[in-house]
Amino acid sequence: MTRTGFVHQALCYGSDDEFLEGTLEFTLDGLDSGDAVLAVAKDHNITLLESALGTRARDVEFVDADDWYRYPSRTLGQYHAYCADHGTDRRVRIIGEPVWTGRTEFEAREWTRYESLLNVAFADSGHWIVCPYDTRTVPADIVHTATRTHPELALGARISASSSRYTAPADFYAECDAARPAGRLPDGADDIPFGRGRSATLRAAVGAYARLSGMPEQRTYDLVAAVHEVVANAVRFGGGGGVLRLRSNPDYVICEVADDGAHNSPAPARFPGHLPPGKRAAGGHGMWVVRQLSDLVAEDLGPGGSTVRVYFRRPEALTPQPEA
(Lines give C-alpha, C1' and ligand atoms only; values in the text may rest on other atoms or scores of the structure.)
Protein backbone atom coordinates (compact mmCIF):
# COMPACT_ATOMS: atom_id res chain seq x y z
CA MET A 1 0.00 0.00 0.00
CA THR A 2 2.02 2.94 -1.30
CA ARG A 3 0.36 6.30 -0.68
CA THR A 4 1.56 9.88 -0.62
CA GLY A 5 0.18 12.71 1.46
CA PHE A 6 -1.86 12.47 4.64
CA VAL A 7 -4.36 9.61 4.85
CA HIS A 8 -7.13 9.43 7.46
CA GLN A 9 -9.46 6.43 7.38
CA ALA A 10 -12.29 5.07 9.52
CA LEU A 11 -12.37 1.30 9.98
CA CYS A 12 -15.88 0.20 10.98
CA TYR A 13 -15.60 -3.42 12.13
CA GLY A 14 -18.00 -5.87 13.71
CA SER A 15 -15.77 -8.82 14.64
CA ASP A 16 -12.22 -9.67 15.67
CA ASP A 17 -11.53 -10.95 12.16
CA GLU A 18 -12.68 -7.67 10.63
CA PHE A 19 -10.45 -5.71 13.01
CA LEU A 20 -7.42 -7.77 12.00
CA GLU A 21 -8.34 -7.59 8.33
CA GLY A 22 -8.23 -3.81 8.53
CA THR A 23 -5.11 -3.46 10.67
CA LEU A 24 -2.71 -6.38 10.19
CA GLU A 25 -1.66 -5.75 6.59
CA PHE A 26 -1.65 -2.02 7.27
CA THR A 27 0.86 -2.62 10.08
CA LEU A 28 3.01 -5.10 8.15
CA ASP A 29 3.15 -2.85 5.09
CA GLY A 30 4.24 0.00 7.33
CA LEU A 31 7.02 -2.03 8.91
CA ASP A 32 8.18 -3.26 5.49
CA SER A 33 8.31 0.35 4.30
CA GLY A 34 10.34 1.50 7.30
CA ASP A 35 7.49 3.53 8.77
CA ALA A 36 7.12 4.16 12.48
CA VAL A 37 4.00 2.29 13.63
CA LEU A 38 1.96 3.24 16.70
CA ALA A 39 -1.08 1.16 17.68
CA VAL A 40 -3.42 2.80 20.20
CA ALA A 41 -6.30 0.39 20.76
CA LYS A 42 -8.41 -1.44 23.28
CA ASP A 43 -6.50 -4.00 25.32
CA HIS A 44 -8.31 -6.89 23.61
CA ASN A 45 -7.40 -5.59 20.17
CA ILE A 46 -3.78 -5.06 21.17
CA THR A 47 -3.64 -8.72 22.16
CA LEU A 48 -5.18 -9.75 18.84
CA LEU A 49 -2.75 -7.69 16.78
CA GLU A 50 0.30 -8.68 18.82
CA SER A 51 -0.54 -12.36 18.39
CA ALA A 52 -1.10 -12.00 14.65
CA LEU A 53 2.16 -10.10 14.18
CA GLY A 54 4.27 -12.65 16.04
CA THR A 55 7.89 -11.58 16.39
CA ARG A 56 7.23 -8.44 14.35
CA ALA A 57 5.12 -7.05 17.19
CA ARG A 58 8.34 -5.92 18.87
CA ASP A 59 8.73 -3.28 16.14
CA VAL A 60 5.33 -1.73 16.91
CA GLU A 61 4.65 0.61 19.81
CA PHE A 62 1.42 -0.37 21.56
CA VAL A 63 -0.57 1.91 23.88
CA ASP A 64 -3.83 1.17 25.68
CA ALA A 65 -6.55 3.45 24.29
CA ASP A 66 -7.94 4.15 27.77
CA ASP A 67 -4.61 5.72 28.73
CA TRP A 68 -4.21 7.69 25.49
CA TYR A 69 -7.73 8.93 24.74
CA ARG A 70 -8.51 10.88 27.88
CA TYR A 71 -9.18 14.40 26.60
CA PRO A 72 -9.30 15.54 22.95
CA SER A 73 -6.86 18.44 22.85
CA ARG A 74 -4.24 16.65 24.92
CA THR A 75 -4.59 13.56 22.74
CA LEU A 76 -4.01 15.68 19.65
CA GLY A 77 -0.97 17.15 21.38
CA GLN A 78 0.35 13.65 22.14
CA TYR A 79 0.00 12.63 18.50
CA HIS A 80 1.80 15.77 17.39
CA ALA A 81 4.63 15.09 19.81
CA TYR A 82 4.88 11.45 18.71
CA CYS A 83 5.00 12.36 15.03
CA ALA A 84 7.58 15.09 15.69
CA ASP A 85 9.78 12.58 17.51
CA HIS A 86 9.39 9.67 15.09
CA GLY A 87 8.37 11.08 11.75
CA THR A 88 10.94 13.72 10.87
CA ASP A 89 12.38 11.70 8.00
CA ARG A 90 9.76 8.98 7.60
CA ARG A 91 6.05 8.33 7.61
CA VAL A 92 4.22 7.51 10.82
CA ARG A 93 1.36 5.01 10.66
CA ILE A 94 -1.16 5.11 13.49
CA ILE A 95 -3.94 2.80 14.50
CA GLY A 96 -5.94 5.13 16.71
CA GLU A 97 -9.07 3.71 18.35
CA PRO A 98 -10.97 6.43 20.26
CA VAL A 99 -12.80 5.53 23.46
CA TRP A 100 -16.54 6.22 23.35
CA THR A 101 -17.77 4.34 26.42
CA GLY A 102 -19.11 6.55 29.20
CA ARG A 103 -18.92 9.82 27.27
CA THR A 104 -21.49 12.52 27.93
CA GLU A 105 -23.12 14.20 24.94
CA PHE A 106 -20.77 17.17 25.34
CA GLU A 107 -17.70 14.93 25.58
CA ALA A 108 -18.72 12.81 22.59
CA ARG A 109 -19.26 15.93 20.50
CA GLU A 110 -15.78 17.21 21.35
CA TRP A 111 -14.27 13.84 20.42
CA THR A 112 -16.00 13.89 17.03
CA ARG A 113 -14.68 17.44 16.58
CA TYR A 114 -11.21 16.11 17.38
CA GLU A 115 -11.55 13.42 14.69
CA SER A 116 -12.45 16.07 12.14
CA LEU A 117 -9.58 18.35 13.20
CA LEU A 118 -7.03 15.61 12.55
CA ASN A 119 -7.59 16.35 8.87
CA VAL A 120 -6.36 19.90 9.43
CA ALA A 121 -3.66 19.16 11.98
CA PHE A 122 -1.83 16.66 9.77
CA ALA A 123 -2.89 17.92 6.33
CA ASP A 124 0.66 18.82 5.33
CA SER A 125 2.20 15.60 6.63
CA GLY A 126 2.65 12.25 4.97
CA HIS A 127 1.30 10.30 7.92
CA TRP A 128 -1.44 7.66 7.81
CA ILE A 129 -4.07 7.18 10.51
CA VAL A 130 -6.63 4.38 10.65
CA CYS A 131 -9.32 4.84 13.32
CA PRO A 132 -11.18 1.62 14.26
CA TYR A 133 -14.86 1.84 15.29
CA ASP A 134 -16.37 -1.29 16.85
CA THR A 135 -19.95 -1.38 15.55
CA ARG A 136 -20.87 -3.87 18.30
CA THR A 137 -20.26 -1.36 21.09
CA VAL A 138 -19.91 2.14 19.62
CA PRO A 139 -23.27 3.99 19.37
CA ALA A 140 -24.70 4.00 15.85
CA ASP A 141 -24.75 7.80 15.65
CA ILE A 142 -21.02 7.92 16.46
CA VAL A 143 -20.29 5.33 13.77
CA HIS A 144 -22.32 7.41 11.31
CA THR A 145 -20.41 10.54 12.29
CA ALA A 146 -17.13 8.73 11.59
CA THR A 147 -18.09 8.70 7.92
CA ARG A 148 -18.30 12.51 8.10
CA THR A 149 -15.00 13.09 9.90
CA HIS A 150 -12.86 10.68 7.85
CA PRO A 151 -12.22 11.30 4.15
CA GLU A 152 -11.81 7.56 3.54
CA LEU A 153 -13.23 4.29 4.80
CA ALA A 154 -10.96 1.27 5.27
CA LEU A 155 -12.87 -1.72 3.91
CA GLY A 156 -10.38 -4.50 4.53
CA ALA A 157 -6.84 -5.51 3.72
CA ARG A 158 -5.48 -2.95 1.24
CA ILE A 159 -8.99 -1.85 0.25
CA SER A 160 -10.46 1.61 0.88
CA ALA A 161 -13.02 3.99 -0.57
CA SER A 162 -13.76 7.69 -0.35
CA SER A 163 -16.51 8.60 2.11
CA SER A 164 -19.42 10.24 0.32
CA ARG A 165 -20.52 11.79 3.63
CA TYR A 166 -17.21 13.46 4.42
CA THR A 167 -17.69 17.01 5.72
CA ALA A 168 -15.07 19.74 5.52
CA PRO A 169 -13.55 20.41 8.98
CA ALA A 170 -14.60 24.08 9.03
CA ASP A 171 -18.22 23.12 8.38
CA PHE A 172 -18.13 20.29 10.91
CA TYR A 173 -16.57 22.61 13.50
CA ALA A 174 -19.39 25.12 12.99
CA GLU A 175 -21.95 22.33 13.47
CA CYS A 176 -20.33 21.34 16.76
CA ASP A 177 -20.47 24.95 17.94
CA ALA A 178 -24.12 25.26 16.90
CA ALA A 179 -25.03 22.14 18.91
CA ARG A 180 -23.46 23.56 22.05
CA PRO A 181 -25.68 25.49 24.50
CA ALA A 182 -25.31 29.17 23.73
CA GLY A 183 -24.78 32.03 26.13
CA ARG A 184 -22.87 32.63 29.30
CA LEU A 185 -23.25 31.15 32.76
CA PRO A 186 -25.82 32.92 34.96
CA ASP A 187 -24.50 35.70 37.15
CA GLY A 188 -23.59 34.75 40.70
CA ALA A 189 -22.81 36.58 43.92
CA ASP A 190 -19.22 35.33 43.84
CA ASP A 191 -18.42 36.41 40.27
CA ILE A 192 -15.16 38.32 40.07
CA PRO A 193 -14.81 41.38 37.82
CA PHE A 194 -11.28 41.82 36.55
CA GLY A 195 -9.14 44.35 34.76
CA ARG A 196 -5.51 45.16 34.37
CA GLY A 197 -3.43 44.53 37.46
CA ARG A 198 -5.81 41.97 39.05
CA SER A 199 -3.98 38.80 38.02
CA ALA A 200 -2.66 37.95 41.49
CA THR A 201 -6.13 38.28 43.03
CA LEU A 202 -7.67 36.11 40.33
CA ARG A 203 -5.03 33.40 40.64
CA ALA A 204 -5.59 33.24 44.38
CA ALA A 205 -9.37 33.01 43.95
CA VAL A 206 -9.14 30.25 41.33
CA GLY A 207 -6.65 28.28 43.41
CA ALA A 208 -8.81 28.51 46.52
CA TYR A 209 -11.92 27.44 44.60
CA ALA A 210 -10.13 24.48 43.02
CA ARG A 211 -8.86 23.23 46.37
CA LEU A 212 -12.28 23.68 47.93
CA SER A 213 -13.66 21.55 45.09
CA GLY A 214 -11.22 18.76 45.90
CA MET A 215 -8.82 19.26 43.00
CA PRO A 216 -5.35 17.77 43.57
CA GLU A 217 -2.49 20.22 43.81
CA GLN A 218 -1.02 19.66 40.33
CA ARG A 219 -4.37 20.05 38.61
CA THR A 220 -4.99 23.14 40.74
CA TYR A 221 -1.78 24.63 39.34
CA ASP A 222 -2.89 23.70 35.83
CA LEU A 223 -6.32 25.27 36.35
CA VAL A 224 -4.82 28.49 37.67
CA ALA A 225 -2.42 28.66 34.71
CA ALA A 226 -5.19 28.01 32.16
CA VAL A 227 -7.50 30.67 33.62
CA HIS A 228 -4.63 33.15 33.86
CA GLU A 229 -3.90 32.66 30.15
CA VAL A 230 -7.55 33.21 29.20
CA VAL A 231 -7.80 36.31 31.41
CA ALA A 232 -4.61 37.72 29.89
CA ASN A 233 -6.16 37.35 26.43
CA ALA A 234 -9.37 39.02 27.63
CA VAL A 235 -7.43 41.97 29.03
CA ARG A 236 -5.33 42.29 25.91
CA PHE A 237 -7.97 41.79 23.24
CA GLY A 238 -11.34 42.05 25.00
CA GLY A 239 -11.45 45.66 26.08
CA GLY A 240 -9.22 45.44 29.15
CA GLY A 241 -11.45 43.53 31.52
CA GLY A 242 -14.31 41.16 32.08
CA VAL A 243 -15.87 38.76 34.56
CA LEU A 244 -14.64 35.46 35.95
CA ARG A 245 -17.29 32.93 37.01
CA LEU A 246 -16.40 29.84 39.06
CA ARG A 247 -18.82 26.93 39.06
CA SER A 248 -18.81 23.16 39.49
CA ASN A 249 -21.02 20.18 38.81
CA PRO A 250 -20.61 16.51 39.76
CA ASP A 251 -18.15 15.99 36.88
CA TYR A 252 -16.22 19.20 36.40
CA VAL A 253 -14.87 22.36 37.96
CA ILE A 254 -15.82 25.07 35.46
CA CYS A 255 -14.23 28.49 35.06
CA GLU A 256 -15.72 30.97 32.62
CA VAL A 257 -13.98 34.14 31.47
CA ALA A 258 -16.23 36.62 29.67
CA ASP A 259 -15.41 40.01 28.18
CA ASP A 260 -17.31 42.61 26.15
CA GLY A 261 -14.84 42.82 23.30
CA ALA A 262 -13.27 45.89 21.74
CA HIS A 263 -13.27 47.58 18.36
CA ASN A 264 -9.71 46.37 17.77
CA SER A 265 -10.31 42.77 18.86
CA PRO A 266 -8.77 40.44 16.27
CA ALA A 267 -10.96 38.11 14.26
CA PRO A 268 -10.96 34.68 15.88
CA ALA A 269 -8.73 32.01 14.42
CA ARG A 270 -10.46 29.28 12.42
CA PHE A 271 -9.72 26.55 14.96
CA PRO A 272 -8.64 28.51 18.05
CA GLY A 273 -6.09 26.63 20.11
CA HIS A 274 -6.69 23.26 18.50
CA LEU A 275 -3.62 23.34 16.27
CA PRO A 276 -0.11 23.81 17.64
CA PRO A 277 1.42 27.13 16.61
CA GLY A 278 4.55 27.09 14.50
CA LYS A 279 7.83 27.30 16.36
CA ARG A 280 8.41 30.83 15.11
CA ALA A 281 4.79 32.01 15.26
CA ALA A 282 4.36 35.34 17.00
CA GLY A 283 0.93 34.42 18.37
CA GLY A 284 -1.51 31.60 18.78
CA HIS A 285 0.26 30.01 21.73
CA GLY A 286 -2.20 31.06 24.44
CA MET A 287 -5.27 29.01 23.54
CA TRP A 288 -3.10 26.02 22.58
CA VAL A 289 -1.64 26.08 26.10
CA VAL A 290 -5.11 26.47 27.61
CA ARG A 291 -6.38 23.39 25.75
CA GLN A 292 -3.33 21.34 26.68
CA LEU A 293 -3.82 22.14 30.36
CA SER A 294 -7.61 21.75 30.42
CA ASP A 295 -9.76 18.67 30.07
CA LEU A 296 -12.33 20.40 27.84
CA VAL A 297 -12.74 23.94 26.54
CA ALA A 298 -15.74 25.73 25.05
CA GLU A 299 -15.29 29.10 23.42
CA ASP A 300 -17.34 31.76 21.70
CA LEU A 301 -14.95 34.37 20.35
CA GLY A 302 -15.68 37.60 18.54
CA PRO A 303 -15.08 41.36 18.50
CA GLY A 304 -18.46 41.89 20.16
CA GLY A 305 -17.36 39.93 23.22
CA SER A 306 -15.82 36.57 23.96
CA THR A 307 -16.54 33.76 26.38
CA VAL A 308 -14.10 30.96 27.18
CA ARG A 309 -15.11 28.16 29.52
CA VAL A 310 -12.53 25.65 30.79
CA TYR A 311 -13.50 22.32 32.32
CA PHE A 312 -11.38 20.30 34.75
CA ARG A 313 -12.55 16.84 35.70
CA ARG A 314 -13.21 16.46 39.42
CA PRO A 315 -11.29 13.63 41.12
CA GLU A 316 -14.40 11.82 42.30
CA ALA A 317 -15.66 11.70 38.70
CA LEU A 318 -12.50 9.78 37.75
CA THR A 319 -12.98 7.12 40.42
CA PRO A 320 -14.98 4.06 39.31
CA GLN A 321 -18.01 3.64 41.51
CA PRO A 322 -18.89 0.19 42.94
CA GLU A 323 -21.87 -1.50 41.40
CA ALA A 324 -25.06 -1.35 43.44
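Which residues is D191 in contact with, leaving aside its neighbours within four places in sequence? They are P186, V243, L244, R245 and R247. Contact here means heavy atoms within 4.5 Å.

This is a predicted model, in which local features need pLDDT of at least 70, side-chain atom pairs count only at pLDDT 80 or more, and totals for chains, interfaces and linings use all residues. Residues are numbered from 1 along each chain as its sequence is written, and side-chain values use heavy atoms, with hydrogens and water left out.

## Around D191

D191 sits in the loop between α7 (169-179) and β8. Helices (H or I, at least four residues) and strands (E, at least two) are DSSP runs, numbered from the N terminus. The C-alpha atoms of D191 and R245 are 4.9 Å apart, although 54 residues separate the two along the chain. The D191 side chain makes a polar contact of 3.3 Å with the side chain of R245. Another, of 3.2 Å, joins the side chains of D191 and R247. A polar contact is a pair of N or O atoms within 3.5 Å; within protein, one must be able to donate a hydrogen and the other to accept it, and residues adjacent in sequence count only if both atoms are side-chain atoms.

## Four loop residues

The table sets out where four loop residues lie and how accessible they are. Buried means under 20% relative accessible area, exposed over 50%, and partly exposed in between (1.4 Å probe, protein chains only).

| Residue | Loop | Relative accessible area |
|---|---|---|
| D191 | between α7 and β8 | 16%, buried |
| H274 | between β10 and α10 | 7%, buried |
| S213 | between α8 and α9 | 8%, buried |
| R158 | between β6 and β7 | 47%, partly exposed |

Leaving aside neighbours within four places in sequence, H274 is in contact with S73, L76, R113, L117, Y173, W288 and R291. On the same basis, S213 is in contact with V253 and R314. R158 has a positive phi of about 65 degrees, although it is not a glycine. Most residues other than glycine have a negative phi.

## The antiparallel sheet

Five strands form an open sheet in the order β8-β9-β10-β12-β11, with antiparallel pairing. β8 (192-194) and β11 (296-300) stand at the edges with a single partner strand each, so one side of each has no neighbour in the sheet. The twist averages 15 degrees from one strand to the next. Angles run from 0 to 180 degrees between N-to-C directions, and axes are lines fitted to C-alpha atoms, for helices over the stretch in contact. Two strands pair if DSSP finds at least two bridges between them.

Strands β9 (residues 242-248) and β10 (residues 252-259) pair over 6 bridges. V243 stands opposite A258 in β10. β11 and β12 run antiparallel and are joined by 5 bridges. L296 has Y311 in β12 as its bridge partner. The hairpin of β11 and β12 has 5 residues between the strands, and G305 there takes a positive phi near 130 degrees. β11 is mostly covered, with 4 of its 5 residues buried.

Helix α5 (residues 105-121) lies across β10, β11 and β12 (306-313). Its direction is about 80 degrees to β11.

## The mixed sheet

An open sheet of 7 strands has the order β3-β2-β4-β5-β1-β6-β7, and its pairing is mixed. At the edges stand β3 (61-64) and β7, each with a single partner strand, so one side of each is left without a neighbour in the sheet. Here the twist averages 25 degrees from one strand to the next. Strands β4 (residues 92-96) and β5 (residues 128-134) pair in the parallel sense over 3 bridges. I95 has V130 in β5 as its bridge partner.

## Helices α8 and α9

The axes of α8 (residues 199-212) and α9 (residues 217-237) come within 9 Å and cross at roughly 145 degrees. Residues of α8, including L202, V206 and A210, meet residues of α9, among them Y221, V224 and V231. By class, this contact has 8 nonpolar, 4 polar and 3 charged residues. Ala, Val, Leu, Ile, Met, Phe, Trp, Tyr, Cys and Pro count as nonpolar, Asp, Glu, Lys and Arg as charged, and the others, Gly among them, as polar.
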